[in-house]
Each structure stands twice: as structure tokens, then as C-alpha cells.
Amino acid sequence: MKNWWFLRGVRKGILTEKTPKDIAEWSTEIEGKGVVNCPTKAIENGKWIAERCIFCRRCYPNYKPNLNYEISIIKGTQKLFKKSFFIYPIDAGSCGGCNMEIKLISSPQYDMTRFGIFFTNTPRHADAIIVMGTLTEKMKEVIKEAYNAMPEPKLVVLLGTCAISGGILGEAIPLEASVLIPGCPPNPYTILDALIKVKGGKK
């Protein structure tokens with residue numbers, strides 16, 4: 001059944017969460033100390049660099065997650081989108097992990113619509129494009145066309161370590177982003193938190 005989760009939620013009384021209760025710890029901020037052999041150089045001089053981290057856990061137990069999911073980097077906000085914010089996701093070449101997590105923010109548990117955030121089917125109606133995955137040759141022109149099709153003002157959100165820094169073996173998305181959402185893949189709470197902040201809203 002297509003909407004089994006919805007019916008199950010109604011029958012069992014599952015509610016949308018106001019604040020996170022159970023966070024997947026290996027999608028949150030990492031802290032610790034010591035020298036580790038990080039494959040993406042996400043830990044340098046004892047400092048964790050979220051944009052490079054693929055959460056492979058090779059740094060464990062010297063470095064551990066601290067359950068802080070607010071790890072997005074906001075470079076600019078647009079209060080014009082405070083009441084409604086339409087997003088258009090583009091997969092430039094991901095493994096599918098970021099797709100799954102961004103899809104979750106529309107589920108009853110997270111319910112992005114209560115914050116005025118909606119998906120749209122075309123970049124012509126979008127306030128922001130959300131690009132995920134490493135840059136692949138055939139998607140270069142697609143991303144460029146999608147960006148040019150958006151009306152002004154427009155925002156770019158890079159979702160996941162692959163889009164931000166290229167991950168472990170890829171190429172980063174060459175767009176100037178307003179928001180960077182680190183993670184491999186990012187936690188739905190991290191995604192929702194970033195989108196609310198960039199549109200100048202409150203949780």
C-alpha cells in the first residue's frame with residue numbers, strides 16, 4: 001500500500017516531532033583529539049572540518065559524535081522566502097543517500113510544510129535548488145540550465161559532503177552556495193534546520 005506509513009501513523013498516534021528525540025549519532029558534529037588517518041582530511045590539527053567528513057568512523061574512538069545536528073553553514077539568508085520557500089532537488093551523481101534523507105523531511109515525523117517549505121517540480125518555480133552528489137560530466141549543463149531558469153532572488157543549497165567538497169573521490173559542485181549542509185548523508189534534522197535558517201524562519 002502506497003500510504004501505509006500515513007495510515008499506520010494515524011492508527012498508532014505517531015506525531016510530528018517539535019524537537020529531535022532520537023538522533024543518529026554518526027550524522028552529528030564530531031569532536032575529540034589525537035592524530036588520525038582521515039581519508040578526506042576532515043580532521044587537521046585536531047579540528048573537525050564538517051564539509052569534508054564522510055563519517056567513515058576511521059577516527060573512532062579518538063573522535064566521537066556529540067549529537068549536535070546543527071552543523072550546516074549558512075552564508076546568506078533571504079527573508080523574502082520567510083512565509084513560503086520552494087525547493088527543487090537535483091541529483092548530480094549521488095549514491096542515493098542524500099535523496100533518501102531529503103525525501104524524509106516531507107514525511108509526517110519531520111513535516112517540512114509546517115515551516116512553509118515545499119518541493120516544486122520545476123526550477124522555474126523554485127526559490128532554491130538543492131544539489132547533491134558529486135559533479136558528473138553529463139549533469140554540468142543540466143545544473144547550469146536549472147540555475148539559470150530560476151527567478152531572482154535565487155539560492156543554491158549544496159547537500160552532502162560529495163556536493164560540497166567532492167567526498168572521497170569526486171568533484172565538488174562549482175556553484176556559489178548560500179547554504180552548505182554537511183553529512184554523508186546529512187541528518188533530516190540538519191537539512192530542515194538549514195532550510196529554516198536560510199529563509200529567515202524560526203523553528
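This section describes the overall fold, the central sheet, the cysteines and several local backbone features of a predicted model.

The protein chain contains five helices and ten strands. Its radius of gyration is 17 Å, close to the 17 Å that the globule rule gives for 203 residues, so the chain is as compact as a globular protein of that length. Taken along the principal axes, the box filled by the C-alpha atoms is roughly 45 × 45 × 35 Å. Buried residues account for 44% of the 203 residues, and of the contacts between residues at least 6 apart in sequence, 75% join residues at least 24 apart. In the UniProt record, which is an unreviewed entry, residues 95-197 carry the feature "domain: NADH:ubiquinone oxidoreductase-like 20kDa subunit". Over residues 95-197 the chain is 32% helix and 17% strand, with 27 Å between the end C-alpha atoms.

Six strands form an open sheet of mixed pairing, in the order S5-S10-S9-S8-S6-S7. Strand S5 (73-74) and S7 stand at the edges, and because each has a single partner strand, one side of each is left without a neighbour in the sheet. Within this arrangement, strand S6 (residues 85-93) pairs in the parallel sense with strand S7 (residues 117-119) over three bridges, and Phe85 stands opposite Ile117 in S7. The connection between these two strands involves helix H2 (residues 97-104), and S6, H2 and S7 together make a right-handed β-α-β unit. S6 also pairs with strand S8 (residues 128-133), again in the parallel sense, over six bridges, with Ile87 standing opposite Ala128 in S8. S8 in turn pairs with strand S9 (residues 155-159) in the parallel sense over five bridges, and the bridge partner of Ala128 in S9 is Leu155. Ala128 thus stands opposite Ile87 and has Leu155 as its bridge partner in S9.

A search of the whole structure for disulfides finds zero. Cys38 is in no disulfide, since the nearest cysteine sulfur, that of Cys56, lies 5.8 Å away, whereas a disulfide requires the two sulfur atoms to be within 2.5 Å. Cys38 is buried, with a relative accessible area of 17%, which places this residue under the 20% limit for that class. Cys162 is likewise in no disulfide, and the nearest cysteine sulfur, that of Cys184, is 5.4 Å away. With a relative accessible area of 27%, Cys162 is partly exposed.

The loops hold several further features of the backbone. Two cis peptide bonds can be described, each preceding a proline: one joins Tyr60 and Pro61, with omega about 10 degrees, and another joins Glu152 and Pro153, with omega about -5 degrees. Pro61 is placed in the loop between S3 and S4, while Pro153 lies in the loop between helix H3 (140-149) and S9.

Positive phi values in residues other than glycine are found at Lys41 and at Asp111. For Lys41 the phi angle is about 55 degrees, and the residue is located in the loop between strand S1 (30-32) and strand S2 (43-44). Lys41 is exposed, with a relative accessible area of 53%. For Asp111 phi is near 45 degrees, and Asp111 lies in the loop between H2 and S7, that is, between two elements of the right-handed β-α-β unit. At 22% relative accessibility, Asp111 counts as partly exposed.

Arg52 is found in the loop between strand S3 (47-48) and strand S4 (63-65), the loop in which Pro61 also has its place. Arg52 is partly exposed, with a relative accessible area of 30%. When neighbours within four places in sequence are left aside, Arg52 is in contact with Thr40, Lys41, Ala42, Glu44, Thr161 and Ser165; among these partners, Lys41 is the residue described above with a positive phi of about 55 degrees. By contrast, the C-alpha atoms of Arg52 and Ser84, which are 32 residues apart along the chain, are separated by 31 Å.

Methods
Residues numbered from 1 in each chain as written. Predicted model: local features only at pLDDT ≥ 70, side-chain atom pairs only at ≥ 80, totals over all residues. Heavy atoms only, no water. Buried < 20%, exposed > 50% of the residue type's maximum accessible area, 1.4 Å probe, protein only. UniProt positions renumbered as here; feature names shortened; annotations may be inferred. Helix = DSSP H or I, 4+ residues; strand = E, 2+ residues; numbered from the N terminus. Pairing = 2+ DSSP bridges. Right-handed = clockwise from strand over helix to strand, strands pointing away. Rg over C-alpha atoms; globule rule 2.2 N^0.38 Å. Contact = heavy atoms within 4.5 Å.
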